[in-house]
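Biologist: Please take a close look at domain 1 of chain A. I would like to know what it touches and how its strands are arranged.

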Amino acid sequence: MNSMSSWKLSGLGLLALPLLWGQSLADFEKRVTEFTLKNGMHFLVMERHESPTVAFHAHVNVGAANDPANASSTAHMFEHMIGKGTASLGSKNFVLEQKALAAVEAAYDRLEEERRKERRADKAQMERLEAALKKAIADADQYVEQNAFTREIEKNGGVGFNASTGLDTTNYFYSLPSNRTELWFALQSEWFRQPVFREFYKERDVVREERRMRVDSSAQGKLIEALLSTAFTAHPYRNLIGWATDIENLRAKGAAEFHKTYYVPANVTISIVGDVSPAQVKLWAEKYFGPIPAGPLPPRLNTVEPEQNGEKRVTVETEAQPFVAIAYHRPEGTHPDDPAIAVLDGILSGGRTGKLNRELVEEKKLALGADSGATFPSGKYPHLFIVFMVPNAGKTVEDLEKAWDELIERMKKEPVDEAAVKRVKTKLRAGFIAGLDSNSGLAQQMAEAHVALGSWKKVFTELEELEKVTAADVKRVLNQYLTKKNRTVAYSVQVKREGK
Amino acid sequence: MRTVLTLFVMAAMAAAQPAYKQLQFPKLGEVKIPEIETFTLPNGMKVYLLENHNLPLINGIALVRTGTLFEPADKTGVHVIAAGTMRTGGTKAKTGDQLDEQLEAIAAGVESGIDETLGSVSFNCLKENTDEVLGVFHDVLTAPEFRQNKIDLLKMQYRSAIGRRYDDAGQVNNAEFSDTVYGKDTPFGRSIEYETLDRIQREDLLAFHKRYYFPKNVRLAIQGDFDKAAMRARLEQIFAGWTVEQAPVPEFPKVTHAAKPGIYVGDKKDVNQTSFSIGHLGGLLSDKDYPALEVLSDILGGSFDSRLFRKVRTEMGLAYSVGAGWGAGYLNPGLFRISGSTKAESTVLTFQTIQQEVNRIRTELVTEQELNDAKEKVVNSFVFNFDRPAKTLSRLFRYEYYGYPKEFLFSYQKALAAVKREDVLRVAKQYIQPEKFVYVAITNTDQLKTPLTDLKLPVTQLELKVKEPKKEVAAASAASLAQGKALLGRMQQAMGGMEKLAAIRDVVMVNKAELGPMKVNQKVQWLMPDKVRQEQELPFGKVIAAFDGKSGFLVAPGAPGPQPMPAPVLKQVSDELFSMLVTLVQSDRMAGRTVNGVGENRVEISDGNGKAARLEMDPATGLPAKLIVEAMGPQGKVDVERQFSDWREVGGVKFPHKTVILQGGKPAGTTLSETIQANTGVTLEEIMKK
């Protein structure tokens, strides 16, 4: 009896869902205002008056994939520079500071000029130039009013101040009490117009330290780096955080060049969600961001990853317990197969009923954990479908690779479980509703959809695409993309080192 | 001339008020504090309801007054396994797997969890599925089945996790600091180990549930898209039949440990960075100085603008992350901790810089601006405590669970606004005690440019190695001990008698061993009681292992010369020595050893130091037939069994010339002794010859 009634209930639940979505989009459309400034900067504003707070999300359509050759981590440096402030915030005397910063660059140029002589470089001269650079930096540092930018935001009740750099995007975000909305306009517009690269070379050390933490001292980090640089031969998705020696030689003048190219207004999308008046926001947008001169859209990335002609393998030795990652090339996020790949990912690793958990973790007890990801490391360009597995004590990476192969080869032949397809779609939808709860989460989703998919409304219509996915579609993408020829297998194996 | 003029104009502009300073902000809109309905069900369970119609979702959580602090030391992890399998082990009606299918089909979840002072069972669902999901939630909370297969699975996963415990430097740093400060032998600092895990049985989980999961010990909060009256009626109906009672749960244990100050170093060769923590015990949220301490730790290391962040990251570029927090707990002191990471070579410099900053905040008043910034931050961001209705509910719920006043957040806010510079200095002097600091550094010691001893503090090595399980020993009684002695006496007699056994000074054996597909020629020289040299011809060359009772060396093909014997090999050798029959049968005459009869023909011999072996007698001959010891295999404990035969006399004592080895019941190898000689006069010098 019990199971009968629950079956009916769940049936009703599913029927109710599409209605709910329809209402949501219409309801959201009423509350969203969208406009573009003359210089090309785009704004999305959504009113939500439940509490007197507002979330800001500035999305720049540039990421680590756009890093210049020889200077990986340039895009990432901007995430670190936002805290350094502007002309009016962060300096004790900006006129003198600007001169001092120019002197730093000049001193650095002289040093590099000598270095370029390579073996013919004069050692004593290099030492003098290094000392001169050090002195110039110290001289510029005396004008710095440290962390003034972040202090001003925190003092005004700002929360969640942060920035993030991905391969395709750079995001700057925080929330304020809604009566201080104009403060965000004043600070953010000045920084976008003219960021000041003060303390650039110290921050470069911090980025180097970040690499030490995320990659050099992390078995997982090393494995992922090896996997990406093996899977991608040509495309810049082959590196996430930047190479150590590139970081150590980054230049502020390179960053300024990068800013000029990529931080043009037309390459920026701002979304604002919360207790605001759209008319007022528009006035402020014109007042603060309007004067930023327009510029040409940045160059497109030409490099396309060539087709892979056979399986690739890579091994990383560390002291840590082993892991294995297997990654398959798949098309970009806007490709029609994307929803079917998302469902496949859900079938494999969504929740406890996911095949990886059921078969590798629970039944065969080979894996301590196993997860898959449909979009790795980023989605704008063709990327990877990845599976990451951690062997149990006494099991090996080879055991896991074999079990994974058995699983997907079997799935390729058998019909895909209709119930599982339905379950995954329901879960993806429910996860989406839960994501609408916070202002900041919504601001981020809207800005990303606008840039990656062409409209914030795609946040909703994507779900309709998802609804159309059939079991046959899942089986087709599985057979098409998850092939040996198309993949890279990366092992992290344990090598014990005793004593010194 | 023009340049000068431009400069002048620019300077004048720079001196003018910047735009952001001229902004006038309107008064902040009104904060809506949502209404929460509270009541107690007839069975004694307290309920908190909050209607929130923003999204068509409902979620709830039951807090149960229990926690890992109540775990018995010898079964550390029992509450973790219990809370983990409460949901996965299913209910009477359905297995955990069936619940997974049912819930995931409607995008719902029911989960259980536990921490030090709190057990929880939670649910979330779309509002259409409320009744169905509440039913599952009720069953999991009131009558979990704890099916054995999920207990075995979770135990095995924890076993694997124990093996990975020391892989991630950041995690090691957190765990070692917390455990060291709280005390590794206290409920606050104990870790789950192989042996505590092995003792956990299904009955323990049922007993845990019975003891703590009863209505008067549970508070339930639900928020979302429902009607309060209807929800109340529904809950009254669902929980009407749950009326079990238990004695009230006692107070949680208190923190009593006083950690030894100094530096604790964990060496990891696969990192180039130091993960560190510096600090000592923190305090309680209810301390009257808590607001001043929050201001203090905020100025010291609470944000991007803190002194530590400015000095260590911004000014010196030494770290990616550095921060400090005054840890305050509801019931027990949290941890005052300064933590971060820096490249290994700048560890000492970073520590010294931190020491200087700590010293500065304890001797000088903070500036008026620092104090105001810290306060303004809290005052202006206060509204974010109310930006979602669920926050008000979860806060109230926690306060009530831990016995804090409802208005705690507001009184904290008021007290914080009243903090003066002098208060900050006073609490810094009173509560921050550098002489008590525990410094934990997980690092690659090969890359420390400056030795840690430069800090002039005692240095303790942390052993980043998983504890091997102690052998379980059967309970002994006077009768079983007497039986053990008698059985051992018969074996001594059968092997040649005590007099002959005691006369053996050394033994030299030449063996042919088969280990799986590998054939090995062995020569073993053994000098009573604990010195041994083993030379083996392996397919890839000759391996020599020598041990003088304390340390030893290995010579292996490819190695540049004799290498000191690593810890795992030392342990293996000492286990082997314990298993030597000639000495083992004399255990009744050795100090510290227990010989216990554990079966008709079986004795268990233990040394009280974690070594134990079972010896089985052949009743026909009185000779030892089998020796069984427990070893750690990749899957956990495994029995290693040696079966003895082909007994021949050497120097008046019978030695087995054939030994068959089984591992976990499966054949693992055979050793045939070509010759065995006794009392050859072999010397320690010969044994340790390099």
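**A close look at domain 1**

Modeller: Chain A is divided into two domains: domain 1 covers residues 35–91 together with 144–289, and domain 2 covers 312–494. Keep in mind that this is a predicted model, with an ipTM of 0.85 and a pTM of 0.77.

Begin with the neighbouring domain. The C-alpha centres of domain 1 and domain 2 of chain A are 29 Å apart. Their contact involves 35 residues of domain 1 of chain A and 28 residues of domain 2 of chain A. On the domain 1 side, at least two residues each come from strands E2 (42–47), E3 (53–60), E5 (170–177) and E6 (268–274) and from helix H8 (219–231) of chain A. H8(A) is the biggest contributor to that side, giving 10 residues. Sorted by class, the domain 1 side has 18 nonpolar, 14 polar and three charged residues.

The four strands just named, E2, E3, E5 and E6 of chain A, also belong to a sheet. This sheet of chain A is open, has six strands in the order E1-E2-E6-E3-E5-E4, and its pairing is mixed. Strand E1 (32–36) and strand E4 (159–165) of chain A are at the edges; each has a single partner strand, so one side of each has no neighbour in the sheet. From one strand to the next, the twist averages 10 degrees.

Within the sheet, E3(A) and E5(A) run antiparallel and are joined by eight bridges. In this pair, Ala55(A) stands opposite Ser175(A), which is in E5(A). Helix H2 (residues 74–81) of chain A packs on the sheet, where it touches E4 and E5 of chain A. The direction of H2(A) makes about 165 degrees with that of E4(A).

E5(A) appears once more when we turn to the other chain. The contact between the chains takes 73 residues from chain A and 74 residues from chain B. E5 is among the elements that give two or more residues to the chain A side, and so are helices including H5 (148–155), H6 (181–193) and H7 (200–216) of chain A. That side divides into 23 nonpolar, 25 polar and 25 charged residues.

A word on confidence in the partner chain. Chain B has an average pLDDT of 89, and 96% of its residues score at least 70. Over residues 1–15 of chain B, however, pLDDT stays under 50, and the model has six contacts beyond four places in sequence for that stretch. Where pLDDT is low, the predicted coordinates should not be read in detail.

Conventions
Residues are numbered from 1 along each chain as its sequence is written. Chains are lettered from A and ligands numbered from 1 in the order in which they are written. This is a predicted model: local features need pLDDT of at least 70, side-chain atom pairs count only at pLDDT 80 or more; totals for chains, interfaces and linings use all residues. pLDDT is the predictor's confidence in each residue, from 0 to 100. Two residues are in contact if their C-beta atoms, placed from the backbone, lie within 7 Å. Domain bounds come from an automatic or database domain assignment. Ala, Val, Leu, Ile, Met, Phe, Trp, Tyr, Cys and Pro count as nonpolar, Asp, Glu, Lys and Arg as charged, and the others, Gly among them, as polar. Two strands pair if DSSP finds at least two bridges between them. Axes are lines fitted to C-alpha atoms, for helices over the stretch in contact, and angles run from 0 to 180 degrees between N-to-C directions.
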